[in-house]
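User: I'd like to go through this one and check what the labels rest on. Can you take my questions one at a time?

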Amino acid sequence: MSTGSGADSAPAPTSTHESTTGGTFSSLKIRNYRLFATGAVISNTGTWMSRITQDWLVLSLTGSATAVGITTALQFLPMLLFGLYGGVIADRLPKRQILLVSQALLGLCGIALAALTLTGVVEVWHVYLVAFLLGMVTVVDNPARQSFVSEMVGPAQLRNAVSLNSANFQSARLIGPAVAGVLITTIGSGWAFLLNGLSFLAPLVGLLMMRTNELHASVTVPRAKGQLREGLAYVRGRPELVWPIVLVGFVGTFGFNFPIWLTAFADEVFDGGAGMYSFFNILMAAGSLAGALLSARRRSSRLRMLVAAGTAFGLLEIAASLSPYVWLFALLLVPIGMLGLTTNITANTSVQMAADPEMRGRVMSLYMMVFAGGTPVGAPIVGWISDTYGARVGFAAGGAISVIAALAVGFALARVGGLRLRVDLRPGRPHIRFVPREQLATAA
């Protein structure tokens, strides 16, 4: 891992290698990480219940996909506005203490929305406000949680732990929507919000039970002027950080607006209801879980895998948008989920492994800012396109932008690595591949 920074850094290679030992679930051998993962799967289940219920509640109150997009945008707007400051805080303070506070606040937000809904006074502006408050807490929670993983497991298990975190999140995504669908149609949305708020007790207990003497040394940065500019300059001088962040920014802004698309396809295109919307989310979660577990088995994070996964992800979104049958649309959601998670995990791990420990909070806050913080820009645009031209056009537009971004980043990384595209039409040879410039020059 390179330790230099600035514009004079050497060109980056097009892959990031990191050995992982012990198999797919090796990180779970570490007690502190087991506690973290156990608490996370419970709170993640509650979070997915709340997300599905929130989207359906807003659609029920307004009948508008644009309103769903606004809700999503408000939840991620703080990340866009203040995300980098969250990274500075995460680098200055102990991550475990930050998480104790942030997880408690997330639970309180869930309980507040439950109280509003169960008392029958909830209005759409209440949902907007709680979504914004959740986003404000996430500004600090996200970089602290991302950086804390390396403190629990160390560098040798970092890739495996990041992949298992995603598998954990997607496992909860399989359970949460199903439970939410049952609760919405039987006893009401408020109970789903209440269970979400109470679910945050689990990660709080896990954090309190950790053995702090078994954590890897934490790197905290003393308060000083210019730390935000320092973080931006650090990333700007490193192509191995810049281009993965650029790609996840475009994919996150335009390709991950599934709350808008899936509600619209379930409600308008295929004339389903809350049950169909939950079913769509479960299928995507199944694919995402498969992608996370496959990533946990891989021993390295190759940027060419990032580009390939991002391209295939966008192409499948376009194909799904054109599907005339609900069964075909549903079937395509599985590989879309798998490739979307592969794109995210590969970029996440590559960026974390390439960043120096004292910069990791700021780097990951920038990563999350462009991945999740782009949603306030993309969600209303995609929601408007879906309302105006139909859900199919909105879905296809998101996929097309993801494809263009992935191909552009692929060529940019090829230039950084001194590669050129080579076309070989001879039988038995790869027809199209990237090769070093020197090899291309001597092949004639």
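**Labels and what backs them**

Analyst: Let's start at the tail: over residues 437-444 pLDDT (the predictor's confidence in each residue, from 0 to 100) stays under 50. For that stretch the model has nine contacts (heavy atoms within 4.5 Å) beyond four places in sequence. This is a predicted model, where local features need pLDDT of at least 70 and side-chain atom pairs count only at pLDDT 80 or more, while totals for chains, interfaces and linings use all residues. Residues are numbered from 1 along each chain as its sequence is written, and side-chain values use heavy atoms, with hydrogens and water left out.

User: What is the average pLDDT of the chain?

Analyst: The chain averages 79, and 84% of the residues score at least 70. Residues 1-20 are another stretch where pLDDT stays under 50.

User: Why is α1 called roughly antiparallel to α4?

Analyst: Helix α1 (residues 31-62) and helix α4 (residues 124-153) pack at about 160 degrees, with axes 13 Å apart. Angles over 145 count as roughly antiparallel (under 35 is roughly parallel, 65 to 115 roughly perpendicular, the rest oblique), so α1 gets that label against α4.

User: Which residues of α1 and α4 meet?

Analyst: Among them are Phe36 and Leu57 in α1, and Phe148 and Met152 in α4.

User: Why is alanine 408 called partly exposed?

Analyst: Alanine 408 has a relative accessible area of 45%. Buried means under 20% and exposed over 50%, with partly exposed in between (1.4 Å probe, protein chains only), so alanine 408 counts as partly exposed. Its place is in helix α16 (residues 391-416).

Technical notes: Axes fitted to C-alpha atoms, helices over the stretch in contact; angles between N-to-C directions. Helix = DSSP H or I, 4+ residues; strand = E, 2+ residues; numbered from the N terminus.
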